[in-house]
Amino acid sequence: MAGDWSSEVVEPHSEPALFDTKVAHCARVYNYWLGGKDNFAADRVAAEQAIRDSPTIIQNVRANRAFLGRAVRFLAADAGVRQFLDIGTGIPSGENVHGVAQGAAPAARVVYVDNDPIVMSHARALLTSRPEGATAYVDADLRDPEKVLDGAAATLDLARPVAVLLLAVLHHVEDDEDPREIVASLMNAVPSGSYLVLTHPASDVDPEPMARMAAGLAAMLNEPVTLRSRAEVASFFDGLELVEPGLVQVQGWRPGWAGEARSPVALWAGVARKP
Ligand SMILES: C[S@@+](CC[C@H](N)C(=O)[O-])C[C@H]1O[C@@H](n2cnc3c(N)ncnc32)[C@H](O)[C@@H]1O
């Protein structure tokens with residue numbers, strides 16, 4: 001892989017993290033779009049190019065984080081879920097899963113999973129539990145669901161309902177890596193009463209700018225970016241029961257206020273219960 005490798009201690013509890021600062025990384029590009037400071041020049045170049053290609057990207061990622069808050073609040077406060085498995089955590093930003101979940105249910109237990117060492121370092125430093133609950137961090141790749149589940153089982157009781165969160169991450173899994181099978185493996189491992197929470201960048205909303213942005217990002221990130229249509233995203237929920245309002249553009253999923261509902265977002269979002 002091109003570029004210089006840097007070794008940096010991001011926070012005191014972690015191992016030194018090795019990463020290439022000259023190749024943009026999706027977590028740091030996303031951090032830039034969200035107004036964060038945990039990014040490098042290559043990330044900012046990629047992020048700015050994506051903004052030029054698809055000017056609504058900032059609105060999209062903010063709406064995605066706002067959805068995270070609404071969905072987790074619904075699960076913890078209304079659906080009684082006490083265990084959360086957040087895969088593709090991202091660099092902590094604003095409201096994070098354990099903060100929202102433990103705000104409603106202090107004993108909620110949350111496992112954060114990512115395959116990026118910088119994300120994991122920040123997560124360990126910042127995503128700390130209230131004493132009544134638990135947070136844990138698993139360094140694993142979504143494409144290895146067994147490893148994800150083995151790691152999660154140290155903190156979560158997989159015989160009890162779990163909300164599995166896959167927010168803005170499945171577009172990094174290509175069709176020939178069988179993302180449907182990955183999602184099915186995760187949901188097969190948790191019992192009835194569990195939930196799947198998923199957002200996915202759309203190929204069929206704002207299609208031309210989105211396709212331009214995805215192609216540009218894939219080249220600069222050196223990893224796949226696969227947009228999917230509403231029908232393709234719907235297939236991830238096979239065998240599950242979508243809660244109201246179903247699979248919708250992110251801003252339309254139980255919006256907190258009227259203005260939120262009005263800004264169209266090129267991401268599909270749904271929350272579904274395992275019967
Ligand atoms: C766009 S960010 C989304 C962050 C957060 N889920 C959200 O929606 O705000 C994607 C995250 O998924 C992680 N990621 C990408 N591919 C992954 C994989 N195969 N396994 C685990 N994590 C992955 C990246 O490191 C990054 O932190």
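A polar contact is a pair of N or O atoms within 3.5 Å; within protein, one must be able to donate a hydrogen and the other to accept it, and residues adjacent in sequence count only if both atoms are side-chain atoms. This is a predicted model, where local features need pLDDT of at least 70, side-chain atom pairs count only at pLDDT 80 or more, and totals for chains, interfaces and linings use all residues. Residues are numbered from 1 along each chain as its sequence is written, and side-chain values use heavy atoms, with hydrogens and water left out.

**Exercise 1. Find the polar contacts of the ligand with Asn-64, Asp-141 and Leu-167.**

Step 1. Take Asn-64. An N or O atom of its side chain is 2.8 Å from a ligand oxygen.

Step 2. Go to Asp-141. Here a side-chain N or O atom sits 2.9 Å from a nitrogen of the ligand.

Step 3. Turn to the backbone. An N or O atom of Leu-167 lies 2.8 Å from a ligand nitrogen.

Step 4. Check the cover. On its own the ligand has 600 Å² of accessible area, and the protein covers 98% of it (Shrake-Rupley method, 1.4 Å probe).

**Exercise 2. Describe the shell around the ligand by element and class.**

Step 1. List the elements that give two or more residues: α1 (26–33) and α3 (57–78). Helices (H or I, at least four residues) and strands (E, at least two) are DSSP runs, numbered from the N terminus.

Step 2. Rank them. α1 gives the most, with three residues.

Step 3. Count the surroundings. The ligand has 21 residues around it, and Tyr-30, Asn-64, Arg-65, Gly-88 and Asp-114 are the closest (near means a heavy atom within 4 Å).

Step 4. Sort by class. Nine are nonpolar, seven polar and five charged.

**Exercise 3. Work out how β4 and β5 are arranged.**

Step 1. Find the pairing. β4 (residues 109–114) runs parallel to β5 (residues 134–139), over six bridges; pairing takes at least two DSSP bridges.

Step 2. Fix the register. Arg-109 is opposite Ala-134 of β5.

Step 3. Add the connection. With helix α5 (residues 117–126), the two strands make a right-handed β-α-β unit.

**Exercise 4. Locate Pro-245 and Asp-206 and state their backbone features.**

Step 1. Place Pro-245 in the loop between β8 (241–242) and β9 (248–249). The peptide bond from Glu-244 to Pro-245 is cis, with omega near 5°.

Step 2. Place Asp-206 in the loop between β7 (195–201) and α8 (207–221). Asp-206 is not a glycine, yet its phi is positive, about 50°.

Technical notes
Right-handed = clockwise from strand over helix to strand, strands pointing away. Nonpolar A, V, L, I, M, F, W, Y, C, P; charged D, E, K, R; others polar.
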